[in-house]
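Student: I should like to learn how to read individual features of a protein model. May we work through one case together?

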Amino acid sequence: MESRSRRRVLIDDNSPAAGVLDRHDAVGTADDVQGLKFRPSDGNVTEDQELFMGIKVRRKDSLHHDYKGDYIDVPSNQFLMKILQKQGEESVLFADKVLKFTASGKMKRRILLITEFAIYIVDPETDTLKRRVALAAVDKICLSELSDNFYAIVIPTEYDILMASTRKTEIVTVLVDAFKSSSDYELEIVFSNRFVYSAGGELIKEVQFEEVEGGVKTRISRKEE
């Protein structure tokens, strides 16, 4: 069974946001890059520990895949570093570009950052922090049972987040591990081919998944009373 390693970017407030990371260093090393460190996470996730085994229909490209964590080279982005340092974040568990769905149903390209304490949604075109959600505010994550890229992060005190990413498995695993490290309870993962989420205000939307020839058909509609 092949193990997976996930690495973190460590942030030093006293150092400039610059440098290039070598993501192919051997596991167990810690490389200083202009005051930043990129090191393995506290543990590896093996296939038999995977949340989705026996439930989730996995995409072939998500099996036996090494998790890198940072896919956009966070230390080279001064705006992202400024956001993280301002919030007092010390490490980044995951960083990548994703698609986020707005209340009107439009797809927007966003940067998703996950740290030990929060989720950040950033607009890469305008360098704007669109949203910060404390991990403690997250109630659960909703996924289908099929091989799609969609996931919803449910936040009862605010409005929910519906996103799509080819690295969904890694995102969910990172969030689950972060919860285990920072709280006394586990993050709930709900698998269903039909779930609802709050798109903002009183707007509730329903996401339906259907397996069809050649892939998965996804339908997002307004939930009727």
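Student: Which residues does lysine 205 touch, not counting residues up to four places away in sequence?

Tutor: Please keep in mind that this is a predicted model. Lysine 205 touches Thr102, Ala103, Ser104 and Gly105, then Phe195, Val196, Tyr197 and Ala199, and finally Ile220, Ser221, Arg222 and Lys223, with residues up to four places away left out. Lysine 205 itself belongs to strand β15, which covers residues 203-212.

Student: Is lysine 205 buried or exposed?

Tutor: A residue counts as buried under 20% relative accessible area. Lysine 205 has 10% and is therefore buried. A polar atom of its side chain lies 2.8 Å from the backbone oxygen of alanine 103, and alanine 103 is also among the residues that lysine 205 touches.

Student: What share of the chain counts as buried?

Tutor: The buried share is 47% of the 225 residues. The accessible surface of the chain is about 11,600 Å², and carbon and sulfur atoms hold 45% of that surface. As for secondary structure, the chain has 2 helices and 16 strands. Among contacts with a separation of 6 or more, 56% are between residues 24 or more positions apart.

Student: How many aromatic pairs does the structure hold?

Tutor: A pair of aromatic rings is described by the distance of the centres and the angle of the planes. The structure holds 5 aromatic pairs. In one of them, phenylalanine 150 and phenylalanine 209 have ring centres 5.9 Å apart and planes at 65°, so this pair is edge-to-face. Phenylalanine 150 lies in strand β11 (residues 150-154) and phenylalanine 209 in strand β15, so the pair ties together parts that are 59 residues apart in sequence.

Student: What are the relative accessible areas of these two residues?

Tutor: Phenylalanine 150 has 14% and counts as buried; phenylalanine 209 has 7% and is buried as well. Ring pairs link both of them with Phe101 and Phe195 into a cluster. Phe195 has already appeared among the residues that lysine 205 touches.

Student: Which arginine residues lie over the face of a tyrosine?

Tutor: Arginine 131 lies over the face of tyrosine 159, at 3.7 Å from the ring centre. Arginine 167 is placed over the face of tyrosine 71, with 3.6 Å to the ring centre.

Student: How do the side chains alternate along strand β13?

Tutor: In strand β13 (residues 188-191), Ile189 and Phe191 point to one face and are buried. Glu188 and Val190 point to the other face and are not buried. Strand β13 pairs with strand β10 (residues 140-143) in the parallel sense over 4 bridges, and isoleucine 141 stands opposite isoleucine 189 in β13.

Student: Where is aspartate 73 placed, and what is notable about its phi?

Tutor: Most residues other than glycine have a negative phi. Aspartate 73 has a positive phi, near 60°, and is found in the loop between β5 (45-46) and α1 (78-86). With a relative accessible area of 16%, aspartate 73 is buried.

Student: What is the phi of aspartate 127, and is that residue buried or partly exposed?

Tutor: Aspartate 127 has a positive phi of about 50°, although it is not a glycine. Its place is in the loop between β8 (118-123) and β9 (128-134). Aspartate 127 is partly exposed, with a relative accessible area of 39%.

Terms used: Residues are numbered from 1 along each chain as its sequence is written. This is a predicted model: local features need pLDDT of at least 70, side-chain atom pairs count only at pLDDT 80 or more; totals for chains, interfaces and linings use all residues. Side-chain values use heavy atoms; hydrogens and water are left out. Buried means under 20% relative accessible area, exposed over 50%, partly exposed in between (1.4 Å probe, protein chains only). A polar contact is a pair of N or O atoms within 3.5 Å; within protein, one must be able to donate a hydrogen and the other to accept it, and residues adjacent in sequence count only if both atoms are side-chain atoms. Contact means heavy atoms within 4.5 Å. Accessible areas come from the Shrake-Rupley method with a 1.4 Å probe; for residues, only the protein chains shown count as cover. Rings of Phe, Tyr and Trp (its six-membered ring) pair if their centres lie within 6.5 Å; planes under 30 degrees apart count as stacked, over 60 as edge-to-face and the rest as tilted. A charge sits over a ring if NZ of Lys or CZ of Arg is within 6 Å of the ring centre and within 35 degrees of the ring normal. Two strands pair if DSSP finds at least two bridges between them.
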